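Here is a short report for a reader meeting this structure for the first time. Please look over the sequence and the model before reading on.

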Amino acid sequence: MEILNQFSVFGSALLEMMMQPGNVLLLFGSSLLGIIFGALPGLTATLGVALLTTLTYGMSLDTALIALLGMYVGAIYGGSYPSILINIPGTAAAAATAMEGYPMACRGEGGKALGLTTTASFIGTVIGMIFLVALSPMIADLALQFTSYEFFLLAFFGIIISGTLTSHDLVYKGWIAGLLGLALSTIGRDHLQFYPRFTFGMPELDGGIEVVPVLIGAFGIPQIIHVLRSRLTLGQPKEVKRIIPDFADIAKNMKHISRSALIGVGIGAVPGVGEDIAGWVSYGTAKNSSKNPENFGKGEPAGLISSETANNACIGGALIPLTTLGIPGSPPAAMLLGALMLHGVTPGPAIMVEKPTFLIELTAILLLASLAMWINGIYLARQVIKLLRVPAAIFLPIVAVLCVLGSYSLGLNIFNLYLMIPIGVAAYFLTEMKYPIAPLVIGVILGPMADENLRRALMVSDGSFLPFFTRPVSVILILVVLLTILSQLPAWKRYRRRKRGLPEADEGDNPFLNHSD
Amino acid sequence: MGADKKALRKADLRSGILLLLLALAMLGMLADFPMTDSYGGVQNVWYVSPALFPFLIVIGLVLLSLVLIANALRTVRWSSLVENQGFSRWISDDGNFRFASIVLLLGCYVYLLPHVDFFIATWAFLTAFIGGFHVDRRDQLTLQLGLFVSLSLVLGVTGKAAEIESAPMFDIAALVLLALLYLLPRMRFSLDTEQLHHHNQSFWVSGVVPLLLVPAFKYGLLVPMPSEGIAIGLMESLRYALRSLT
């Protein structure tokens with residue numbers, strides 16, 4: 001009965017959205033804009049969602065979600081265009097796609113490759129959406145039992161795991177980035193006693209640092225500097241005559257699709273870890289489990305499908321911890337969290353009580369967004385491809401203006417710009433020194449949650465840490481955090497490599513991001 | 001160990017020390033936070049203190065920065081901290097020059113925005129930015145960067161001295177800058193056909209962008225611009241004239 005009720009809410013939400021021409025136009029427009037953002041190197045899904053957040057500030061929640069999810073889904077898919085046609089990933093999520101897509105384009109199968117990625121991305125998003133609607137109520141029910149102890153440890157766990165999995169060099173650089181994010185989050189008056197922390201007497205900092213300008217600065221400025229500094233030229237994209245969704249190939253690879261979708265959802269559900277890791281892990285798994293691994297790297301459709309299915313399934317996975325725990329599963333989801341909070345919605349376990357139909361409506365929007373992405377991809381890809389010819393020296397300065405206007409628009413505060421630029425430049429230096437930015441962003445977002453819950457927890461226990469070790473979920477979280485940290489100790493890693501008979505690795509290698517064969 | 005890894009470890013040493021200094025600075029500031037004294041009429045205990053969470057962060061930063069420094073010292077020496085190629089050698093590198101240009105352009109644009117009409121400021125910024133990088137000549141980039149930075153500083157300092165945020169004369173000064181950004185490179189440098197085409201393209205694209213953005217944000221999204229001077233004033237007059245016609 002409950003399931004029938006859910007289906008009827010889902011159906012009516014879907015119909016209501018489709019009956020409003022403005023919403024349909026916005027959906028297709030934001031999806032196309034997302035594809036463009038994903039296709040142009042230097043632009044990311046997170047930046048696209050961040051810029052659109054400021055534009056949708058005045059809209060209703062439903063309309064804003066249509067625009068933001070359309071952008072998110074489109075951008076993750078759009079990264080496959082330059083991957084296939086120029087061998088340069090548009091977004092990090094599409095890096096694995098280039099391994100098979102570009103060889104296919106070189107032998108004249110660019111249209112087929114784009115057709116496969118379009119359909120695989122659609123299927124991946126839909127499967128992710130199914131997991132979102134199936135798992136979220138269970139997780140939310142469990143999370144309603146959580147108290148301050150669990151929420152503090154969850155926030156801490158999110159930062160540790162994000163730092164561990166996203167660091168390209170030394171793992172503790174990811175942890176340092178997370179701590180820097182937490183440090184930034186402490187700026188302003190604390191929420192319990194209203195004491196001004198690190199404000200230097202500036203009233204503009206009393207309210208703390210705005211998340212959106214930080215995200216725009218951290219994701220926009222480094223890309224602009226990196227691409228223009230290195231004189232990245234895209235080269236001529238390969239010719240594409242028609243985008244052909246090869247359903248026979250899709251049907252043949254259903255096994256890869258199912259596995260890749262599970263990988264994508266699983267990785268998306270891990271806080272702060274994004275679509276790029278999902279793409280690589282899925283690609284690596286497809287290659288390792290293939291009967292003909294020697295075909296990989298030469299235009300093997302299975303590799304292409306695996307990567308694209310996983311990175312889009314990651315979207316649904318990333319929304320699971322976002323909606324149920326208020327912890328974003330990926331950087332674009334972190335931006336979505338900021339957008340939801342701007343609209344007065346605080347994601348977390350209580351959302352099932354405060355807004356019971358929120359999850360179903362989100363699912364309906366995600367389905368429509370994936371449909372819009374598929375239609376845009378099949379029929380408008382050739383027009384988007386023409387944009388790849390626009391030199392970076394023209395579109396990136398325009399993106400800089402959008403970043404400035406986007407940051408300013410929120411609160412009409414010039415001070416946001418005085419924050420955005422130094423944070424952006426600092427983020428650039430951190431990126432060049434191989435510090436990951438995702439944990440920093442997670443730290444900024446989860447910092448207030450960690451701070452308040454730690455102090456509340458200690459208030460309840462009169463300063464005793466004992467309840468952390470007597471509550472079952474707390475103990476599990478502590479064990480997971482300890483195991484994650486201990487597994488990164490050099491002695492443990494040397495022992496594991498010796499046990500598996502592997503050669504000694506460079507101490508900088510992060511096994512989660514080892515992309516070599 | 002490759003040269004890249006060695007450079008990375010050198011950077012780790014520098015960043016580790018900076019992080020350690022940051023953590024110690026935070027620790028110094030934490031000393032003033034109420035730990036057990038009463039604040040705002042509330043008697044504090046250590047576990048309610050606003051200093052608790054930042055203190056834990058500081059401990060983490062100190063520990064991890066020491067690990068980072070120790071790891072870096074396995075590959076490089078303390079003397080690498082003072083290895084300095086000098087600013088002139090640093091800036092002579094093309095990549096570093098482009099980096100410095102981008103940061104200066106962005107910084108000056110943000111500094112200029114409260115003082116000059118947004119339309120004109122953006123047109124000038126984009127002309128300097130797109131023109132400098134699209135034509136891809138170092139001498140042109142240097143000239144445009146110099147012009148833009150000079151104007152920003154002059155207007156900013158003048159505005160502060162006169163205690164005014166914006167004024168029509170600032171907008172006129174920015175328009176003069178715009179004209180110089182377009183004309184001076186054509187007059188001073190012998191641009192070939194492709195470079196001239198790129199230069200003209202940069203100027204006109206830079207004008208179209210604010211022409212689209214200002215109405216979209218101001219009239220579509222009802223977001224007032226950071227500074228509205230003579231150009232946006234003209235747009236307003238045009239809008240009212242069109243409305244009165246309909």
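## Surface and model

Accessible areas come from the Shrake-Rupley method with a 1.4 Å probe. The model is predicted. The accessible surface of chain A comes to about 19,300 Å². Carbon and sulfur atoms hold 65% of that surface.

## Overall build of chain A

Chain A has 23 helices and 2 strands. Its radius of gyration is 22 Å, and the globule rule gives 24 Å for 517 residues. The two values are close, so chain A is as compact as a globular protein of that length. Along the principal axes, the C-alpha trace of chain A spans about 70 × 60 × 55 Å.

Buried residues make up 61% of the 517 residues in chain A. Now take the contacts of chain A with a separation of 6 or more. Residues 24 or more positions apart account for 79% of them.

## Charges

Chain A carries 31 positive and 31 negative charges. The mean positions of these two sets are 10 Å apart.

## Helix α2 of chain A

Helix α2 of chain A covers residues 21-39, which is 19 residues. At 1.5 Å a residue, the helix should span 27 Å. Its end C-alpha atoms are 27 Å apart, so the expected span and the model agree.

Which residues of α2(A) are buried? They are Asn23(A), Leu27(A), Ser30(A), Ser31(A), Gly34(A), Ile35(A), Ile36(A), Phe37(A), Gly38(A) and Ala39(A).

## Leu106 of chain B

Leu106(B) is found in helix α4 of chain B, which runs over residues 94-112. Is Leu106(B) buried or exposed? Its relative accessible area is 1%. Buried means under 20%, so Leu106(B) is buried.

Leaving aside neighbours within four places in sequence, Leu106(B) is in contact with residues of chain A and chain B. From chain A come Ile221(A), Ala400(A) and Ile421(A). From chain B comes Phe125(B). Phe129(B) lies 23 residues from Leu106(B) along the chain, and their C-alpha atoms are separated by 9.0 Å.

## Asn253 of chain A

Asn253(A) is found in a loop of chain A. The loop lies between α11 (247-252) and α12 (254-268). The relative accessible area of Asn253(A) is 7%, so this loop residue is buried.

What does Asn253(A) touch, not counting residues up to four places away in sequence? It touches Ala302(A) and Ile305(A).

Notes. Residues are numbered from 1 along each chain as its sequence is written. Chains are lettered from A and ligands numbered from 1 in the order in which they are written. This is a predicted model: local features need pLDDT of at least 70, side-chain atom pairs count only at pLDDT 80 or more; totals for chains, interfaces and linings use all residues. Side-chain values use heavy atoms; hydrogens and water are left out. Helices (H or I, at least four residues) and strands (E, at least two) are DSSP runs, numbered from the N terminus. The radius of gyration is taken over C-alpha atoms; the globule rule is 2.2 Å times the number of residues to the power 0.38. Buried means under 20% relative accessible area, exposed over 50%, partly exposed in between (1.4 Å probe, protein chains only). Contact means heavy atoms within 4.5 Å. Lys and Arg count as positive and Asp and Glu as negative; His and the chain ends are not counted. The place of a charge is taken as NZ of Lys, CZ of Arg, CG of Asp or CD of Glu. The expected span of a helix is 1.5 Å times one less than its number of residues.
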